[in-house]
Amino acid sequence: MNEALGEPLVAGLPFTGPWLLAPMEGVTDPTFRDVVLALHRPADLGGAFTEFVRVVDRPKLEREFRKHLGERRWAMPVGVQLMGRHLDALAASACTAVQAGAPLVDLNFGCPAKGALAGCAGSALLKEPRAVEEVVRVCVDAVRGAVPVTAKIRAGFDHARGVEDLARAVEAGGAAMLTIHCRTKQELYQPEVDWTRIERAVNATSLPVCGNGSALVHGDLERMRRATGCRFVMVGRGALGDPWVFSGKQVTPARAARFLLAYVDAIIATGRLGEHAAASRSKQLFRYWTAGELVKSEDERRSWLRMQDPVEFIERLRTVATAANPSERSLHERPAAVRT
Ligand SMILES: Cc1cc2nc3c(=O)[nH]c(=O)nc-3n(C[C@H](O)[C@H](O)[C@H](O)COP(=O)(O)O)c2cc1C
């Protein structure tokens, strides 16, 4: 197996490297994923996911999955994530996602949002390992081995005592990988995390496990892997603050500003949002931003976040970007994309 050539790291899973970009609703749409994937070699960023696609009681249409998958294809796989409780609708949606080109179907058992809980989906299912197993099994059966089906859980609903049972339920359902976000639903996104819960999931199953939860800087990725024995590590908010977190590349302020400008341009190029909304989306990343010393203090962070005028925001980014050495490009920045 050769990670550098983008070959799978673990048999049966399409990921080309051990570090994965987390699904994040409202953020990891095709536009954001593309600008992040373009920064990396397949060995550094091994795959990504769509934000969750909520399945209520009717199967989703192929065109909806195509929209979530986007037009570009990469050496790294982008899995479609489904969230729901309605078995028939989920099974049919999983098949449709495969028809739309998904190389992997992931199932969400972690969303803490009220809407998910009201529909007994997402983290609501963490109270019932049997239901988790059932959802996984119908999707695995439905896709008939065409693609792997994986599951993403939290460590529990209001406590983590049942993490082993949840991990075993995912395995019993036939999943090809378990991702565990080590916070419980009750813990939402609290800063403290307990990675031993990931280790417990690793020890409870023979599945490849993907650990998740506050892997914030590049060094945390290997640290989590060593501490817990997980095969993969998924990064959420750390990647919103530093899109280079997967390679550990240190960038200049100018390079960081160029990334944020490229993101604005890419959003506008979709034709769906104008300059104001595009600048606002890019600006939202300043809530987490750590790369390139663009944000040296919390006051500076606030000063970026307070900017209301998109033209001024873009101008401020341009000023930083053009303070660059124009020749600074590296192999890591070469896009790994192939157009289909
Ligand atoms: C804005 C936002 C949206 C999210 N949307 C999803 C989602 O669609 N599906 C999912 O499984 N998890 C979702 N999550 C959870 C992340 O995938 C991840 O599990 C969580 O942020 C913990 O990882 P981190 O500590 O590296 O951020 C979301 C998190 C954030 C911050």
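This is a guided tour of a predicted model, moving from the whole chain to its domains, its strands, two single residues and the ligand.

**The whole protein**

Begin with the full chain in cartoon view, where 13 helices and 10 strands can be picked out. The radius of gyration is 20 Å, close to the 20 Å that the globule rule gives for 340 residues, so the protein is as compact as a globular protein of that length. Turned along its principal axes, the set of C-alpha atoms fills a box of roughly 55 × 45 × 40 Å. If you colour by burial, 51% of the 340 residues count as buried. A contact map would show that, among contacts with a separation of 6 or more, 73% are between residues 24 or more positions apart.

**The two domains**

Next, colour residues 3-241 as domain 1 and residues 253-321 as domain 2. Their C-alpha centres lie 28 Å apart, and the contact between them takes six residues from domain 1 and 11 residues from domain 2. On the side of domain 1 that touches domain 2, helix H1 (30-37) and helix H9 each supply at least two residues. The residues of that side divide into two nonpolar, two polar and two charged.

**Helix H1**

Stay with the interface and select residues 30-37, which form H1. Seven of the eight residues of this helix are buried, so H1 is largely enclosed by the rest of the structure. Show the side chains of Pro30, Thr31, Phe32, Arg33, Asp34, Val36 and Leu37 to see the buried residues of H1.

**Strand E4 and its partners**

Now select residues 78-84, strand E4, in which seven of the seven residues are buried, so that this strand too is largely enclosed by the rest of the structure. In a regular strand the side chains alternate between the two faces of the sheet. In E4 both faces are covered, with Val78, Val80, Leu82 and Gly84 buried on one side and Gly79, Gln81 and Met83 buried on the other.

Add strand E2 (48-55) to the selection. E2 and E4 pair in the parallel sense over six bridges, and within this pairing phenylalanine 52 stands opposite glutamine 81 in E4. Then add strand E5 (residues 105-109), which runs parallel to E4 and is joined to E4 by three bridges; here leucine 82 stands opposite leucine 107 in E5.

**Valine 132 in helix H5**

Move on to helix H5 (residues 129-143) and centre the view on valine 132. With 25 C-beta neighbours inside 10 Å, valine 132 counts as buried. Draw a distance from valine 132 to phenylalanine 109: the two are 23 residues apart in sequence and 7.6 Å apart in space, C-alpha to C-alpha. Leaving aside neighbours within four places in sequence, valine 132 is in contact with Phe109, Leu125, Leu166, Ala169, Val170 and Gly173.

**Arginine 154 and strands E6, E7 and E8**

Arginine 154 lies in strand E6 (residues 149-154). Is this residue, arginine 154, buried or exposed? Arginine 154 is buried, because 29 other C-beta atoms lie within 10 Å. Its C-alpha atom is separated by 6.5 Å from that of lysine 185, although the two are 31 residues apart along the chain. Beyond the neighbours within four places in sequence, the contacts of arginine 154 are Gly110, Ser123, Leu126, His181, Arg183, Thr184 and Lys185.

One of these contacts, His181, leads to strand E7 (residues 177-181), which four bridges join to strand E8, the two running parallel. Histidine 181 stands opposite asparagine 212 in E8. Select residues 209-212 to see E8 itself, from which Val209 and Gly211 point one way and Cys210 and Asn212 the other way, all of them buried.

**The ligand**

Finish at the ligand. Which of the 22 residues around the ligand come nearest? They are Ala22, Met24, Phe52, Gly236 and Arg237. The elements that give two or more residues to this shell are strand E2 (48-55) and helix H9 (237-241). Colour the shell by class, and eight nonpolar, 10 polar and four charged residues appear. Two elements met earlier thus return here: E2, which pairs with E4, and H9, which supplies residues to the side of domain 1 that touches domain 2.

Note on methods. Residues are numbered from 1 along each chain as its sequence is written. This is a predicted model: local features need pLDDT of at least 70, side-chain atom pairs count only at pLDDT 80 or more; totals for chains, interfaces and linings use all residues. A residue is near a molecule or strand if its C-beta atom, placed from the backbone, lies within 6 Å of it. Ala, Val, Leu, Ile, Met, Phe, Trp, Tyr, Cys and Pro count as nonpolar, Asp, Glu, Lys and Arg as charged, and the others, Gly among them, as polar. Domain bounds come from an automatic or database domain assignment. Two residues are in contact if their C-beta atoms, placed from the backbone, lie within 7 Å. The radius of gyration is taken over C-alpha atoms; the globule rule is 2.2 Å times the number of residues to the power 0.38. A residue is buried if 20 or more other C-beta atoms lie within 10 Å of its own, exposed if 12 or fewer, and partly exposed in between; C-beta atoms are placed from the backbone. Two strands pair if DSSP finds at least two bridges between them.
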